Amino acid sequence: MIQLYKFKACWGLPDPSPFCVKVETYLRMVSLPYERVECATMFKAPKKKLPYLTDGGRTIPDSGFILDFLKATYGDTLDGRLSAEERARGHALRRMLEESLYWPMVYSRWMEDRNWAVIKPLFFGGLPPILRDLLPLFARSRVKKTLWLEGTGRHARDEVYDLGRQDLSALSVQLGAMPYLFGDSPTSFDAVAYGFLVNLLAPPIESPLKDHALTLANLPPYCARIRERYYAGPPA
Ligand SMILES: N[C@@H](CCC(=O)N[C@@H](CS)C(=O)NCC(=O)O)C(=O)O
């Protein structure tokens, strides 16, 4: 049985991490049975990040490598129909979300005081008393340092959100009037996009990114379409 190691479900969504939602959505899209293993922290993960997946004695960290493994092991039933050009576009979109939009999202959750007040009790509230006070301080300053090293943390707040808004607008243009990013049926790139969109739209985290996503008329219904199709019954 495939086991997906992920964070705890919250806010009515499968996971607060877009990468964990991506893998779970892909598993649902290809109808592979799996078991969720919810982790309180990522310290035991092979690369100290979630998600990772185990299957038949193999352990695969990283959502991208996980999808490669699943395609190689169980067949590439979703993306097989795509042309080389569509694959290249999907690849660029995926990188845009995972390597670009991700950082303004991190910024909105961890650097905005009002959103930090939302995620802090959720992510750390279950820890024992002393850890509960110390770990959030350490984690927040680590995220701040990461944002600085990555570069996003050096921009003014408005610039950070402009960068994220541009990515969301590009995603919206690619989707256009289609039900999925590459036509009438979903591909792995929709699993990626869903992981990000549901994590922007569903949580009680207000930001210019969420505001912008809500103004792009095709994105909320697209997100709802995937949610209804693949997460109709509990758990979300
Ligand atoms: N490239 C990785 C990224 C995964 C990732 O960044 N996960 C975050 C949560 S969204 C994490 O576990 N962060 C822990 C840390 O950086 O210490 C993937 O695609 O799985």
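Student: Is S31 buried or exposed, and how many other C-beta atoms lie within 10 Å?

Tutor: This is a predicted model, and burial can be read in it by counting the C-beta atoms around a residue, where 12 or fewer within 10 Å make that residue exposed and 20 or more make it buried. S31 has 9 other C-beta atoms within 10 Å, and is therefore exposed. S31 sits in the loop between α1 and β2, and its phi is near 55°, a positive value in a residue other than glycine.

Student: Where does W11 lie, and what is its phi?

Tutor: W11 belongs to the loop between β1 and α1, and its phi is also positive, near 55°, although W11 is not a glycine. Its count is 17 other C-beta atoms within 10 Å, so W11 is partly exposed.

Student: Which helices hold D211 and L219, and is each of them buried or exposed?

Tutor: D211 lies in helix α8, residues 208-215, and counts as exposed because it has 12 C-beta neighbours inside 10 Å. L219 lies in helix α9, residues 219-230, and is buried, since 21 other C-beta atoms are found within 10 Å. Leaving aside residues up to four places away in sequence, L219 touches S172, L197 and A213.

Student: How far apart in space are residues that are separated along the chain, for instance L219 and G176, or D211 and S31?

Tutor: Sequence separation and spatial separation have to be read side by side. L219 and G176 are 43 residues apart in sequence, and their C-alpha atoms are 9.3 Å apart, whereas D211 and S31 are 180 residues apart along the chain, with 33 Å between their C-alpha atoms. For the chain as a whole, among contacts with a separation of 6 or more, 70% are between residues 24 or more positions apart.

Student: What is the order of the strands in the sheet, and why is one side of β2 and of β4 left without a neighbour?

Tutor: To read a sheet, follow the strands across it rather than along the sequence. Here four strands form an open sheet in the order β2-β1-β3-β4, with mixed pairing. β2 (34-38) and β4 (58-61) stand at the edges and have a single partner strand each, so one side of each has no neighbour in the sheet. Ignoring direction, neighbouring strands of this sheet are turned by 20° against each other on average. Strand β3, residues 52-55, runs antiparallel to β4 and is joined to it by four bridges, and T54 stands opposite T59 in β4. Helix α1, residues 18-29, packs on the sheet, where it touches β1 (2-6), β2 and β3, and its direction makes about 155° with that of β1.

Student: Which residues surround the ligand, and how many of them are nonpolar, polar or charged?

Tutor: A ligand shell can be read by listing its residues and then sorting them by class. The ligand is surrounded by S17, F19, M42, K48, K49, L50, P51, D62, S63 and G64, and by class this shell has four nonpolar, three polar and three charged residues. P51, in the loop between β2 and β3, is joined to L50 by a cis peptide bond with omega of about 15°.

Student: What radius of gyration does the chain have, and what would a compact globule have?

Tutor: The chain has 18 Å, which agrees with the value near 18 Å for a compact globule, because that is the radius of gyration such a globule would have with 236 residues. Its C-alpha trace spans about 50 × 45 × 35 Å along the principal axes, and buried residues make up 33% of the 236 residues. The chain contains nine helices and four strands.

Definitions and conventions:
Residues numbered from 1 in each chain as written. Predicted model: local features only at pLDDT ≥ 70, side-chain atom pairs only at ≥ 80, totals over all residues. Pairing = 2+ DSSP bridges. Helix = DSSP H or I, 4+ residues; strand = E, 2+ residues; numbered from the N terminus. Axes fitted to C-alpha atoms, helices over the stretch in contact; angles between N-to-C directions. Contact = placed C-beta atoms within 7 Å. Rg over C-alpha atoms; globule rule 2.2 N^0.38 Å. Near = placed C-beta within 6 Å. Nonpolar A, V, L, I, M, F, W, Y, C, P; charged D, E, K, R; others polar.
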